[in-house]
Amino acid sequence: MIAYINGKLSSIKENAVIVDVHGIGYEIICPNPYIFEPQMNQQVQIHTYHHVREDAQILFGFRNTDEKYLFTKLISVSGIGPKGALAILAGVNIHGFIAAVENEDEKFLTTFPGVGKKTARQIILDLKGKLVNDFAIGSTAEESEEVSSTQERQIVSEALDALKSLGFTPNELKKITPQLKSDSTLKNTDEVIRKAFSLLAK
């Protein structure tokens, strides 16, 4: 199995990055590929999960071992495949997700693409109590609210960093930042970036 890839980040696609390792380009599917934008044409280390099927071998990539670990736990849940797990990781930070599981917050879990009430209940059934020992996380409502707020700030910050690396000026980004922060419908970095593009085009 391939645990991680070290190489030069040569390309970023809508759902993946290409890492050049001694002239060989590895395509790695990621929850939020544009998070790696500041490291374009630089050396990166991406933690990977090597998914083997009868018809394909796919590398899924993550910023750190915590993301990778949660991914492996998610795909162990009945009804969640790799794509579903990536969609969850793209839309929430780890502590926010675990807090929702521990609080049995089905409403929060069903905000992710492909997660209905049945799957949300299955996530809670399979994972509640099994993640808190691996991550420092509280489970009170106040802590969950704080985590959610932190998550929102994080995805906006990551999106702004990616936009800066694309050449947008601080003044341009400053004008649209309040609108990005106030839009509660934006669930992940990619959605924030798309919203920013639409605002910058006006």
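Which strand is largely enclosed by the rest of the structure, and how many of its residues are buried? The strand is β2, where five of the six residues are buried, so β2 is largely enclosed by the rest of the structure. The close-up views below come from a predicted model.

**View 1. Strand β2 pairs with β1.** The strands β1 and β2 run antiparallel and are joined by four bridges. One of the pairings sets Ser 11 against Ile 18, its bridge partner in β2. The two strands form a hairpin, with three residues between them.

**View 2. Strand β2 pairs with β3.** Six bridges connect β2 and β3, again in the antiparallel sense. Asp 20 stands opposite Gly 25 of β3. These strands also make a hairpin, here with two residues between them. His 22 lies in the turn and has a positive phi of about 55°.

**View 3. A salt bridge joins Lys 13 and Glu 27.** The closest N and O atoms of Lys 13 and Glu 27 are 2.4 Å apart. Lys 13 belongs to the loop between β1 (4-12) and β2 (16-21), whereas Glu 27 is in strand β3 (residues 24-29). The pair thus links distant parts of the chain, 14 residues apart. Both side chains are partly exposed: the relative accessible area of Lys 13 is 35%, and Glu 27 has a relative accessibility of 39%.

**View 4. A salt bridge joins Lys 128 and Glu 104.** The side chains of Lys 128 and Glu 104 meet at 2.6 Å, N to O. Lys 128 lies in the loop between α5 (117-127) and α6 (141-165), and Glu 104 in the loop between α3 (94-102) and α4 (106-109), so the salt bridge ties together parts that are 24 residues apart in sequence. Lys 128 counts as partly exposed at 35% relative accessibility, as does Glu 104 at 45%.

**View 5. A salt bridge joins Glu 106 and Arg 121.** The N to O distance between the side chains of Glu 106 and Arg 121 is 3.9 Å. Glu 106 is in helix α4 and Arg 121 in helix α5, so that this pair, 15 residues apart, links distant parts of the chain. Glu 106 is partly exposed, with a relative accessible area of 27%. Arg 121 is also partly exposed, with a value of 43%.

**View 6. Shared partners form a salt-bridge network.** Arg 63, Glu 67 and Glu 158 are joined into one network by salt bridges that share partners. A search of the whole structure finds seven salt bridges.

**View 7. Helix α5 has a buried side and an exposed face.** Thr 119, Ala 120, Ile 123, Ile 124 and Leu 127 are the buried residues shown in α5. Because they cover an arc of only 140° around the axis, these residues are on the same side of α5. Lys 117, Lys 118 and Leu 125 are exposed and sit on the face turned away from that buried side. The buried residues of α5 pack against four helices: α1 (65-74), α2 (82-91), α3 and α4. Just after α5, Gly 129 takes a positive phi of about 85°.

Key. Residues numbered from 1 in each chain as written. Predicted model: local features only at pLDDT ≥ 70, side-chain atom pairs only at ≥ 80, totals over all residues. Heavy atoms only, no water. Salt bridge = Lys/Arg side-chain N within 4 Å of Asp/Glu carboxyl O. Buried < 20%, exposed > 50% of the residue type's maximum accessible area, 1.4 Å probe, protein only. Pairing = 2+ DSSP bridges. Arc of directions from axis to C-beta. Contact = heavy atoms within 4.5 Å.
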